[in-house]
There are 2 protein chains.
Amino acid sequence: MTSDLDSVFAALADPTRRQILAMLLEDDMAVTDVAEPFGMSLAAISKHLVVLSRAGLISQEKRGRVKWCKLEPDALRDASIWMQGFGQFEAINLDAFERFLEREEIAGRTEVGDQS
Amino acid sequence: MTSDLDSVFAALADPTRRQILAMLLEDDMAVTDVAEPFGMSLAAISKHLVVLSRAGLISQEKRGRVKWCKLEPDALRDASIWMQGFGQFEAINLDAFERFLEREEIAGRTEVGDQS
DNA sequence: GGGATCGTCAACCGTTCGGTTGAATATGCC
DNA sequence: GGCATATTCAACCGAACGGTTGACGATCCC
């Protein structure tokens, strides 16, 4: 739900967003601090954070007037499982991968008749 | 180069393309056969294949008049390493991940002054 | 209350994306 | 040669993306 592959991969496809994730790997950060290293408006960063948030890759909690951003690495779990099914880079839970493919196929089929 | 994270993740962000990859997991396929299960024009599938090809996720070899599509799972390697650095889902080569982050950061910086 | 700070909203802009259709280019086969 | 098959090209379309700017709403603090 929160972390479907479409939104997760789309979120990861932007280098700014990947860099934000890498920054959050170190520690939680306020939006303004996230924006600081980028030569980009705060609004732009805010939008990137929305994308990451919708993909489930981060969570945001407002404390006072500052909104703290926190990495949510679990959202990468399904995506990672999906990818690992393709390469045999390391030992993989092939079972999980196959279940995942099935789930996605079903999701794809239901989507067709279910554009809300 | 061929498999930078931008293009790989962008390619994976589309469910049609992920399904194509899953199909190619079974066997190499001709373009027409790839297109068959999708309710979509051949031209659309052809474009998807270009995207996958540019991302390095598949290779295409023309034999006669039919062009065979082959999965190239190695292209997922870097992306997989990148992702695994975030979650501690399984035992990971953290070293590889850190080197990767650095490489990406450098690439990001050079891109700025280098829009050809 | 009032000014500064934090963050988002809304409108806009140019580009890319995912799809279509119709024409064009190979190639295979009789 | 000539027709069928396989695939791409080119032009077009609407929607989504990534960014900007300026106004706005909260919150902190004096």
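Tutor: Buried area is the accessible area (1.4 Å probe) that two parts lose on being put together, summed over both. We're looking at a predicted model, where local features need pLDDT of at least 70, side-chain atom pairs count only at pLDDT 80 or more, and totals for chains, interfaces and linings use all residues. Residues are numbered from 1 along each chain as its sequence is written, chains are lettered from A and ligands numbered from 1 in the order in which they are written, and side-chain values use heavy atoms, leaving out hydrogens and water.

Student: Okay, how much area do chain B and chain A bury between them?

Tutor: Carbon and sulfur atoms carry 69% of that area. The whole buried area comes to about 2,700 Å².

Student: How many residues of chain B are in contact with chain A?

Tutor: Contact here is heavy atoms within 4.5 Å. On the chain A side, 30 residues take part, and on the chain B side the count is 30.

Student: Why do the copies meet through the same surface?

Tutor: Look at which residues of chain B are in the interface, then look for them in chain A's interface too. The copies meet through the same surface because the shared fraction of chain B's interface residues is 97%.

Student: What rotation superposes chain B on chain A?

Tutor: The fit is by least squares on the C-alpha atoms of residues with pLDDT of at least 70 in both copies. It gives an RMSD of 0.0 Å, with 0.0 Å of shift along the axis and a rotation of 180 degrees. The two copies are thus related as by a two-fold rotation axis, and the angle to remember is 180 degrees.

Student: Which side chains meet in a salt bridge at 2.6 Å, N to O?

Tutor: A salt bridge needs a side-chain nitrogen of Lys or Arg within 4 Å of a carboxyl oxygen of Asp or Glu. The rule finds two across this interface. The 2.6 Å one joins B:R18 and A:D6.

Student: And which element supplies the largest share of the side of chain B that touches chain A?

Tutor: Helices (H or I, at least four residues) and strands (E, at least two) are DSSP runs, numbered from the N terminus. On that side, α1 (5–12), α2 (15–26), α5 (76–84) and α6 (94–113) of chain B each supply at least two residues. The largest share is seven residues, and it comes from α5(B).

Student: Over to the DNA: how many residues surround strand D?

Tutor: A residue is near a strand if one of its heavy atoms lies within 4 Å of it. The closest are A:K47, A:H48, B:T32, B:S46 and B:K67, and the full count is 20.

Student: Which residue has a side-chain N or O atom 2.4 Å from a base oxygen of strand D?

Tutor: B:S46 also has a polar side-chain atom at 2.4 Å, but from a phosphate oxygen of strand D. For the base oxygen, the residue is A:K47.

Student: What share of strand C's atoms within 4 Å of the protein belongs to sugar or phosphate?

Tutor: Two contacts give a feel for it: a side-chain N or O atom of A:K67 is 2.7 Å from a phosphate oxygen of strand C, and a polar backbone atom of B:R65 is 3.2 Å from a sugar or linking oxygen. The rest of those nearby atoms belong to bases, and the sugar or phosphate share is 70%.

Note on methods. Polar contact = N/O pair within 3.5 Å; in protein donor to acceptor, adjacent residues only side chain to side chain.
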